[in-house]
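Let's take a walk through this protein, one piece at a time. Have the structure open as you read.

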Amino acid sequence: DPLRFGDPTGPNAAHVRDIAFGVIDGIAQYGNALGVPNYGGGTYFDASFDDNCLVNVVAFGIVEEKGIIRSRVPEEARHVPYDLILVGKPTDASGFGGAAFASERLDGSAAVEKQGAVQVPDPFVKRVLAEAIKEMLKFARAHKVPIGFKGLGAGGIACAFSEMPAAGGFGADLDLDKVNKAFGNLPPEVISCSETQERFAIAVPTRVSKDIVDIFNQRFEMPKL
């Protein structure tokens with residue numbers, strides 16, 4: 001957790017301390033709910049961060065090179081049909097415009113107005129999702145199924161489902177009407193670019209799409225895909 005905060009003893013000390021305590025509390029709550037310990041905590045204070053703190057989170061692991069799942073559509077998609085599957089929370093309007101919002105300076109009224117750009121996390125859903133993903137990866141390895149896998153970040157569906165095919169040298173057809181939504185009447189731009197948390201993109205051969213979906217829908221009772 002490389003963290004950068006403002007000057008806790010400067011003219012904006014109260015504001016800086018509120019931000020620092022809020023960030024630490026948020027990281028602890030999310031990590032604890034996931035069952036993941038928080039290590040590192042490289043924390044520095046400087047007045048240049050008084051108005052806009054910097055919070056980066058990094059996770060490290062070790063895997064055999066042959067076991068790495070790439071965040072791209074596999075080469076095999078040139079020879080057999082592939083599907084793009086969205087798993088996790090139903091898509092909602094939270095986080096829409098969040099990437100741009102994260103760099104803005106806000107006064108009190110603007111902060112209220114921009115509340116919709118704030119992502120809404122659910123670490124307990126993430127915990128279930130993580131276990132389902134583990135089973136999905138086991139299935140793919142056991143059946144020697146080449147897959148692509150990527151988390152949805154800034155830009156949401158539009159980002160993940162364009163980057164994964166492009167990284168493999170492909171294009172993709174997306175039907176936004178098939179996206180599982182938290183509620184109706186979401187504009188297409190919100191469905192495309194919302195940063196709803198706890199969602200992942202998977203590229204799998206069509207022949208095993210139902211098996212993959214059943215892992216999430218049936219075994220782990222995730223929201224219907």
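What follows starts with the overall layout, then turns to the two sheets, the helices beside them and a few side chains.

A word on the ground rules: this is a predicted model, where local features need pLDDT of at least 70, side-chain atom pairs count only at pLDDT 80 or more, and totals for chains, interfaces and linings use all residues. Residues are numbered from 1 along each chain as its sequence is written, and side-chain values use heavy atoms, with hydrogens and water left out.

Start with the parts list. The protein has seven helices and six strands. Here helices (H or I, at least four residues) and strands (E, at least two) are DSSP runs, numbered from the N terminus. Going along the sequence, you meet them in the pattern β-α-β-β-β-α-α-α-β-α-α-β-α. Of the 225 residues, 35% count as buried, where buried means under 20% relative accessible area, exposed means over 50%, and partly exposed is in between (1.4 Å probe, protein chains only). Take the contacts (heavy atoms within 4.5 Å) between residues at least 6 apart in sequence: 80% of them join residues at least 24 apart.

Now for the sheets. Strands of a sheet pair through backbone hydrogen bonds, either parallel or antiparallel. For the pairings here, two strands pair if DSSP finds at least two bridges between them. One open sheet has three strands in the order β2-β1-β3, with mixed pairing. Its edge strands are β2 and β3, each of which pairs on one side only. Between β1 and β2 the pairing is parallel, over three bridges, and Phe-5 has Phe-45 in β2 as its bridge partner.

Those two residues also meet through their rings. A pair of aromatic rings is described by the distance of the centres and the angle of the planes. Rings of Phe, Tyr and Trp (its six-membered ring) pair if their centres lie within 6.5 Å; planes under 30 degrees apart count as stacked, over 60 as edge-to-face and the rest as tilted. By this rule there are two aromatic pairs. Phe-5 and Phe-45 make a tilted one, at 5.9 Å centre to centre with 35 degrees between the planes. Because Phe-5 lies in β1 (residues 3-5) and Phe-45 in β2 (residues 43-45), the pair ties together parts that are 40 residues apart in sequence. Phe-5 counts as buried, at 2% relative accessibility, whereas Phe-45 is partly exposed, at 46%.

What lies across this sheet? Helix α1 lies across β1 and β3, running at about 160 degrees to β1. For such angles, axes are lines fitted to C-alpha atoms, for helices over the stretch in contact, and angles run from 0 to 180 degrees between N-to-C directions. The 22 residues of α1 (residues 13-34) should span 32 Å, the expected span being 1.5 Å times one less than the number of residues. The end C-alpha atoms of α1 are indeed 32 Å apart. Its buried residues include Ala-13, Val-16, Ala-20, Val-23 and Ile-27, and what covers the buried residues of α1 includes β1, β3 (54-55) and α4. Right after α1 comes Gly-35, with a positive phi near 80 degrees.

On to the other open sheet, where three strands sit in the order β4-β6-β5 and the pairing is antiparallel. β4 (82-88) and β5 (148-151) stand at the edges with a single partner strand each, so one side of each is left without a neighbour in the sheet. From one strand to the next, the twist averages 15 degrees. β5 joins β6 (residues 199-205) over four bridges, and seven bridges join β4 to β6. Within these pairings, Phe-149 is matched with Ile-202 in β6, and Val-87 has Phe-200 in β6 as its bridge partner. Helix α4 (residues 123-142) packs on this sheet, touching β4, β5 and β6, with its direction at about 15 degrees to that of β6.

How enclosed is β6? Seven of its seven residues are buried, so β6 is largely enclosed by the rest of the structure. Arg-199, Ala-201, Ala-203 and Pro-205 point one way from β6, and Phe-200, Ile-202 and Val-204 point the other way. The other aromatic pair is here too: Phe-149 and Phe-200 are stacked, at 5.3 Å centre to centre with 10 degrees between the planes. Since Phe-149 lies in β5 and Phe-200 in β6, the pair ties together parts that are 51 residues apart in sequence. Both residues, Phe-149 and Phe-200, are buried.

One last side-chain contact: the charged end of Arg-78 sits over the ring of Phe-170, 4.5 Å from its centre. A charge sits over a ring if NZ of Lys or CZ of Arg is within 6 Å of the ring centre and within 35 degrees of the ring normal.
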